[in-house]
Amino acid sequence: MTNGQDTTAASVAENANPIETFLTYRLTRTSWRLNAQASRILRDQAGLSLTQWRVMALIGPQGTRTLSDIARQALFDKGQLSRCVKGMTEAGLIRAVPDPGDQRQSFLSLSQEGRRIFDRMLPVMQRRQTHLLDSLSADQRAAIFPALDRLLDAALRTDFAP
């Protein structure tokens, strides 16, 4: 209880606007706020958009990725991702080397400047993750990623029919 108010899920379901009980609404609202916070940090400290950071974070640890790999892993729209990568290439943050076996595809890697920014921002973003996870109990921390994985699996299934 907080200030005499019951904050359990059942109470939310009984007292709230019905949309407040929709998982997708609650996740989207939380995601918007988290994305706004991350965007502000990245813009202020590195001049990056959140999408640019995510592309860098997906390339950085592996060194080289294809656009298709990134789109598949992050579930990004390929058109939006392609425009982002083009802009990042023009800005000198990533290098795109055409695949000799498939001219429709390029191998993407961080440029020296991109690597410098990634290496500087990764600890900042990791500290943010620690801050966010510290707001959860140990049980909640242990449950959140498996729960999100199950929700993603359910969302990717095409057998749902209303």
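Let's start with Leu148, which counts as partly exposed because its relative accessibility is 38%; the partly exposed class runs between 20% and 50%. This is a predicted model, by the way, so please keep that in mind as we go. Leu148 sits in helix H7.

Who keeps Leu148 company at the surface? Leu23, Leu27, Phe145 and Leu151 join Leu148 in a nonpolar patch, and together the five have about 430 Å² of accessible area. Which helices supply this patch? Helix H2, residues 23-46, and helix H7, residues 138-156, each give at least two residues. H7 has the largest share, with three.

Now over to the strands. Strand E2, residues 94-99, runs antiparallel to E3, and six bridges join the two. One of the pairings to look for on your screen is Ile94 opposite Leu110 in E3. Between E2 and E3 there are two residues, and the two strands form a hairpin.

E3, residues 102-110, also pairs with strand E1, residues 65-66: this pair is antiparallel too, with two bridges. Here Arg65 has Leu108 of E3 as its bridge partner.

Finally, a word on confidence. The protein has a mean pLDDT of 90, and 90% of its residues are at 70 or more. Where is confidence highest and where is it lowest? Helix H6, residues 112-134, is highest with a mean of 97, while helix H1, residues 9-15, is lowest at 59. Over residues 1-5, pLDDT stays under 50, and the model has two contacts for them beyond four places in sequence. Where pLDDT is low, the predicted coordinates shouldn't be read in detail. Thanks, everyone!

Note on methods
Residues are numbered from 1 along each chain as its sequence is written. This is a predicted model: local features need pLDDT of at least 70, side-chain atom pairs count only at pLDDT 80 or more; totals for chains, interfaces and linings use all residues. Side-chain values use heavy atoms; hydrogens and water are left out. Patches are made of residues with over 30% relative accessible area and no salt bridge: like charges are joined within 9 Å, nonpolar side chains (Val, Leu, Ile, Met, Phe, Trp, Tyr) within 5 Å. Accessible areas come from the Shrake-Rupley method with a 1.4 Å probe; for residues, only the protein chains shown count as cover. A salt bridge is a side-chain nitrogen of Lys or Arg within 4 Å of a carboxyl oxygen of Asp or Glu. Helices (H or I, at least four residues) and strands (E, at least two) are DSSP runs, numbered from the N terminus. Buried means under 20% relative accessible area, exposed over 50%, partly exposed in between (1.4 Å probe, protein chains only). pLDDT is the predictor's confidence in each residue, from 0 to 100. Contact means heavy atoms within 4.5 Å. Two strands pair if DSSP finds at least two bridges between them.
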